[in-house]
Amino acid sequence: MKNLSTCLRSLAVPMSSPDFWVIPETGPQSGKRCPKRETTRKREAYFLDYAEAIRKVCQFPVMVTGGFRTRAIMEDALASGTTDVIGLGRPLCTDPDTPRDLMEGRIEAAASHENHLHLASKGLFSPASPLMPLKVINVIGGQAWYYQQIFHLADGEPVDLKLGVLGAFRAYLADEMRTAFKVRQARRRSSPGPTPVGA
Ligand SMILES: Cc1cc2nc3c(=O)[nH]c(=O)nc-3n(C[C@H](O)[C@H](O)[C@H](O)COP(=O)(O)O)c2cc1C
């Protein structure tokens, strides 16, 4: 909390007024940095604790992103004045209409695919694996899964909810390597190259 106090002091200093102060968090995976209050966890978006503290020293609007899934919790956060805007990240990667459907009451909760995005929920292959390569595949594969869904949407295709973490991880690596290769080719083509001897 020492770092938060320092940040809050600097926020209290008059500054050029931004349109929004955005408070993002990436979800329960980053639990080591999260407040442990059970009530906060129940509210899904545990980062609201920070928003409350920031609210006390800031005049400008606050937007909190991270963990919001149910309409009831979102409405509660807005009604309590803790945040002015709800940010949604991962649910939109498979269904960009989620905010509209929530606001119009067609759904009560956004998708929580992250709950099953791991090689295994427990043991050696889980995100808590003692083996670093398996941890990395879980983390990067989980993020890559969302990238793949965005690619599908961008291509006008249906999302692939059956895609596994390992498949997403492999597709991500292949895509990164292809992109790196293309960038290198383009750089080679655009660089003048060595001047021929005697020219
Ligand atoms: C595919 C993807 C890309 C993201 N890229 C960024 C980024 O470039 N910068 C950033 O601050 N957060 C990024 N995030 C994090 C989100 O902005 C958001 O904070 C996070 O997903 C938590 O919100 P959520 O629980 O609604 O998903 C990304 C998230 C996803 C799923």
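**A guided tour of the predicted model**

Begin by selecting strands β2 and β3 (residues 85–87): they run parallel and are joined by three bridges. Strands count as paired if DSSP finds at least two bridges between them. This is a predicted model, in which local features need pLDDT of at least 70 and side-chain atom pairs count only at pLDDT 80 or more, whereas totals for chains, interfaces and linings use all residues. Residues are numbered from 1 along each chain as its sequence is written. Helices (H or I, at least four residues) and strands (E, at least two) are DSSP runs, numbered from the N terminus.

Next, show the side chains of β2. Val62 and Val64 point to one face and are buried, while Met63 and Thr65 point to the other and are not. A residue is buried if 20 or more other C-beta atoms lie within 10 Å of its own, exposed if 12 or fewer, and partly exposed in between, with C-beta atoms placed from the backbone. Opposite Val64, in β3, stands Ile86.

Now select Ala45, Phe47, Leu48, Tyr50, Ala51, Ile54, Val62, Val64, Phe68, Met74 and Ala77, the 11 residues of the largest nonpolar core. Such a core is a set of buried Ala, Val, Leu, Ile, Met, Phe, Trp, Tyr and Cys residues joined through C-beta atoms within 7 Å. Which element gives the most to this core? Helix α3 does, with four residues.

Turn to α3 itself, where Leu48, Tyr50, Ala51 and Ile54 are buried. They lie on the same side of α3 because they cover an arc of only 145 degrees around the axis, the arc being that of the directions from the helix axis to the C-beta atoms.

Move on to helix α8 (residues 165–190), which has 26 residues and reaches 37 Å from its first C-alpha to its last. Its buried residues are Val165, Ala168 and Phe169, and they pack against α7 (132–154).

Finally, colour the chain by pLDDT, the predictor's confidence in each residue, from 0 to 100. The chain averages 84, and 77% of the residues score at least 70. Where is confidence lowest, and where is it highest? It is lowest in helix α2 (residues 38–42), at a mean of 50, and highest in helix α5 (residues 90–94), at 97. Select residues 27–38 as the last stop: pLDDT stays under 50 there, and the model has 10 contacts beyond four places in sequence for them. Two residues are in contact if their C-beta atoms, placed from the backbone, lie within 7 Å.

Terms used. Expected span 1.5 Å × (residues − 1).
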